[in-house]
Amino acid sequence: MADLNSLADLGTATGVTAEQPAAAPVYVQKLDAQGRAYATGKRKDAIARVWVRPGTGRIIVNEKDFNAYFARPVLQMILKQPIVAANREGQYDVVATVVGGGLSGQAGAGRHGISKALTYYEPTLRGVLKKGGFLTRDSRTVERKKYGKAKARRSFQFSKR
């Protein structure tokens, strides 16, 4: 063991110098045998399995066109946000299977899955999607019901009689 007289000596004794920053992680393309990128997106109680491949920009959700599945324009906009943010409209075909939750949660899960799948197909998009907040899983879920309560926090109506 070397003599340690200062904190600078401690850094050299462990082999780590102050000039060497930690190496940034390298993201590589992850594709399946058919040349697609696969990712799972989650939001509330909804889960979306998403496949992304090069194509003409078609988005299929549960074997329907996404305009037919998500009738509300807000939900359609939510689903397309990562593709628009990455400036890749009309370049990728998206096939998604969503289960659980309601339509809002399913659209959010689809958005999360598309974002992750795009980063697996094209790792250079990670910075843009991360900055937009599309890669972060929204961890808010429904609070469970407690015994002795009508709902999670709501008590039964009180009556003096």
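## Order of the elements

Reading from the N terminus, this predicted model runs through its elements as α-β-β-β-β-α-α-β-α-α. That makes 5 helices and 5 strands for the protein. The radius of gyration is 23 Å, well over the 15 Å that the globule rule gives for 161 residues, so the protein is more spread out than a compact globule.

The box around the C-alpha atoms, taken along the principal axes, is roughly 75 × 65 × 25 Å. Buried residues account for 29% of the 161 in the protein. As for surface, about 11,100 Å² is accessible, and carbon and sulfur atoms own 54% of that. Now take the contacts between residues at least 6 apart in sequence: 67% of them join residues at least 24 apart.

## The sheet

The 5 strands come together in an open sheet, ordered β1-β2-β5-β3-β4, with mixed pairing. At the edges you'll find β1 (37-43) and β4 (64-65); each has a single partner strand, so one side of each is left without a neighbour in the sheet. As a reminder, strands in a sheet pair through backbone hydrogen bonds, and they can do it parallel or antiparallel.

Both senses turn up here. β2 and β5 are antiparallel, with 8 bridges between them. Two of the residue pairs to look for are A48 with its bridge partner V98 in β5, and R49 with T97, also in β5. Strand β3 (residues 59-61), on the other hand, pairs with β5 in the parallel sense over 3 bridges. There, I60 sits opposite V95 in β5.

## The β1-β2 hairpin

Back at the edge, β1 runs antiparallel to strand β2 (residues 46-54), and 7 bridges link the two. They form a hairpin with 2 residues between them, and K44 in the turn shows a positive phi of about 50°. Follow the hairpin along and you can tick off the partners: R43 is opposite A46 in β2, A39 is opposite V50 in β2, and Y38 has W51 of β2 as its bridge partner.

β1 also has two distinct faces. A37, A39, G41 and R43 make up the covered face, while Y38, T40 and K42 are on the uncovered one. So which of these faces holds the residue paired with W51? Y38 is that partner, and Y38 belongs to the uncovered face.

## Helix α4 against the sheet

What does α4 pack on? The helix lies on the sheet, touching β1, β2 and β5 (92-99), and its direction makes about 150° with that of β1. α4 is mostly covered, too: 14 of its 19 residues are buried.

The helix length checks out nicely. With 19 residues (103-121) at 1.5 Å a residue, α4 should span 27 Å, and its end C-alpha atoms are 26 Å apart, which agrees.

## Two residues to compare

Q106 is a good one to click on in helix α4. Its relative accessible area is 7%, under the 20% cut-off, so Q106 counts as buried. Skip its neighbours within four places in sequence, and Q106 is still in contact with A46, Y69, F70, V98, V99, G100 and G101. Two of those contacts tie back to pairs already described: A46 stands opposite R43, and V98 is the bridge partner of A48.

And K151, is it buried or exposed? K151 belongs to the segment after α5 (126-132). With 57% relative accessibility, over the 50% cut-off, K151 counts as exposed. Leaving out residues up to four places away in sequence, K151 touches K145 and K146.

How values were computed. Residues are numbered from 1 along each chain as its sequence is written. This is a predicted model: local features need pLDDT of at least 70, side-chain atom pairs count only at pLDDT 80 or more; totals for chains, interfaces and linings use all residues. Side-chain values use heavy atoms; hydrogens and water are left out. Helices (H or I, at least four residues) and strands (E, at least two) are DSSP runs, numbered from the N terminus. The expected span of a helix is 1.5 Å times one less than its number of residues. Buried means under 20% relative accessible area, exposed over 50%, partly exposed in between (1.4 Å probe, protein chains only). Two strands pair if DSSP finds at least two bridges between them. Contact means heavy atoms within 4.5 Å. Axes are lines fitted to C-alpha atoms, for helices over the stretch in contact, and angles run from 0 to 180 degrees between N-to-C directions. The radius of gyration is taken over C-alpha atoms; the globule rule is 2.2 Å times the number of residues to the power 0.38. Accessible areas come from the Shrake-Rupley method with a 1.4 Å probe; for residues, only the protein chains shown count as cover.
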